[in-house]
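Here is a casual walk through one protein model, written for someone seeing it for the first time. Have a look at the chain below, then read on.

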Amino acid sequence: MLHAVPASPTEVPQAPARIVTGLYLRCLREARGTTLEDAARAVGGSTSAVSRWERAESPIRKDALQTLLTRYGVVGKHAAFLMLHMPPQSYSRDQRDEQGLARRAPHDFWADVADHEATARYIAVMRTANDVTQFCMAVPAGLRTPAYQQIVLDPDVCATPDEPVLGLPSWVHRVPWAAGQRRTVLLDETVLTRGGSQSEAVAGQLRHLADLVSREESGVRGLVVRILPMSPVLFVHTVGSYAEVTLHGHRLVTSIGLFPTYKTGSGAARAISAGLREAVAAACSREETYDRLVRAADAMQRRATS
């Protein structure tokens with residue numbers, strides 16, 4: 001059975017910048033071997049306070065954020081960007097736009113800066129989330145074969161790569177995939193025919209996906225891969241590659257193109273969330289997904305050798 005992040009109408013969304021920055025602080029701290037106690041001493045606070053900041057359970061003080069960023073080596077324009085976009089502790093009613101599909105409080109949407117550090121934060125979000133439901137136009141990170149990873153920057157294969165091969169900061173390489181992560185990957189059916197000059201590598205990738213589907217365990221948390229047909233055309237086909245993740249109990253709608261973006265409580269976020277659930281229901285069955293992947297791999301291999 002496919003799974004999707006369930007809707008939670010009583011959930012009070014946190015600011016995306018607060019959620020992602022909190023995770024960023026935790027990843028930086030752990031990559032540098034800094035304990036919660038050391039971080040607490042640096043800001044003159046308690047370990048529980050630092051832990052709450054990292055999990056976005058409470059807003060971080062601006063002076064504490066500046067201290068921790070400096071301690072972890074994040075300085076200059078990049079630190080200033082994070083300081084500028086960290087939301088205040090609360091918003092008043094008159095600061096909200098409640099009209100139409102895109103209604104949102106000012107803190108319901110965050111566009112991160114377009115650089116490798118921002119991409120690394122997005123990767124950390126996807127790896128550490130407890131639940132992930134994503135619609136992809138190309139095979140996403142974590143499911144790629146080595147050969148496919150080498151060609152991931154080829155625009156014929158992956159127009160907007162989410163995990164560049166070069167230039168990523170060292171801390172992100174230490175972020176593991178969450179143990180027991182529940183991840184549903186809905187692959188647009190065009191992945192079955194798109195290979196360009198790399199048909200042999202793509203054929204191997206498709207067989208790898210088929211193997212992952214064959215090893216799924218029903219009713220067990222883990223990875224589910226399904227092909228999403230173009231007919232009927234669903235809402236996610238009109239908005240592109242999006243994911244909904246649950247991170248430390250917070251739900252975010254995420255995407256990456258020129259830069260990562262995150263949404264929480266806006267009308268647009270709720271529409272995308274509903275669209276992902278609709279796509280899960282419309283996806284091919286496990287058996288059909290496996291069959292289509294195998295047949296596409298065979299066709300791609302024939303193309304490579306012809």
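Thr-145 is buried, with a relative accessible area of 14% (buried means under 20% relative accessible area, exposed over 50%, partly exposed in between, using a 1.4 Å probe and protein chains only). You'll find Thr-145 in the loop between strand 2 (131–136) and helix 7; helices (H or I, at least four residues) and strands (E, at least two) are DSSP runs, numbered from the N terminus. Not counting residues up to four places away in sequence, Thr-145 touches Gly-204, Gln-205 and His-208, where contact means heavy atoms within 4.5 Å.

Before going further, note that this is a predicted model: local features need pLDDT of at least 70, side-chain atom pairs count only at pLDDT 80 or more, and totals for chains, interfaces and linings use all residues. Residues are numbered from 1 along each chain as its sequence is written, and side-chain values use heavy atoms, with hydrogens and water left out.

Next up is helix 8. This helix covers residues 199–214, 16 residues in all, and reaches 22 Å from its first C-alpha to its last, close to the 22 Å expected at 1.5 Å a residue (the expected span is 1.5 Å times one less than the number of residues). Its buried residues include Val-202, Gln-205, Leu-206 and Leu-209. Among the elements covering the buried residues of helix 8 are helix 7 (146–150), strand 3 (182–188), strand 4 (223–228) and helix 11 (286–305).

Now for another threonine. Thr-128 is found in helix 6, and it counts as buried because its relative accessibility is 11%. A polar atom of the Thr-128 side chain lies 2.7 Å from the backbone oxygen of Ala-124. Leaving aside neighbours within four places in sequence, Thr-128 is in contact with residues including Leu-23, Arg-26, Val-175 and Gln-181. Thr-128 and Gln-181 are 53 residues apart along the chain, yet their C-alpha atoms are separated by 7.9 Å.

What about the nonpolar cores? A nonpolar core is a set of buried Ala, Val, Leu, Ile, Met, Phe, Trp, Tyr and Cys residues joined through side-chain atoms within 4.5 Å. The largest one has 47 residues, and those with the most contacts inside it are Trp-53, Ile-60, Leu-68, Leu-69 and Trp-171. Helix 1 gives the most to this core, with 9 residues. At least three residues come from each of domain 1 (13–90) and domain 2 (129–305), with bounds taken from an automatic or database domain assignment. Apart from this core lies another, of 25 residues, among them Leu-143, Val-202, Ala-296 and Ala-297.

Finally, the strands. Two strands pair if DSSP finds at least two bridges between them. Here are three such pairs, each antiparallel:

| Strands | Bridges | One bridge pair |
|---|---|---|
| Strand 1 and strand 7 | 3 bridges | Ala-111 and Thr-261 |
| Strand 5 and strand 6 | 5 bridges | Thr-246 and Arg-251 |
| Strand 6 and strand 7 | 4 bridges | Val-253 and Lys-263 |

Strand 5 and strand 6 form a hairpin with 2 residues between them, and His-248 in the turn has a positive phi of about 55 degrees. Strand 6 and strand 7 form a hairpin too, with 3 residues between them. Are the 7 residues of strand 6 buried or exposed? In strand 6, 7 of 7 residues are buried. Strand 7 has both faces covered: Pro-260 and Tyr-262 are buried on one side, Thr-261 and Lys-263 on the other.

Terms used
A polar contact is a pair of N or O atoms within 3.5 Å; within protein, one must be able to donate a hydrogen and the other to accept it, and residues adjacent in sequence count only if both atoms are side-chain atoms.
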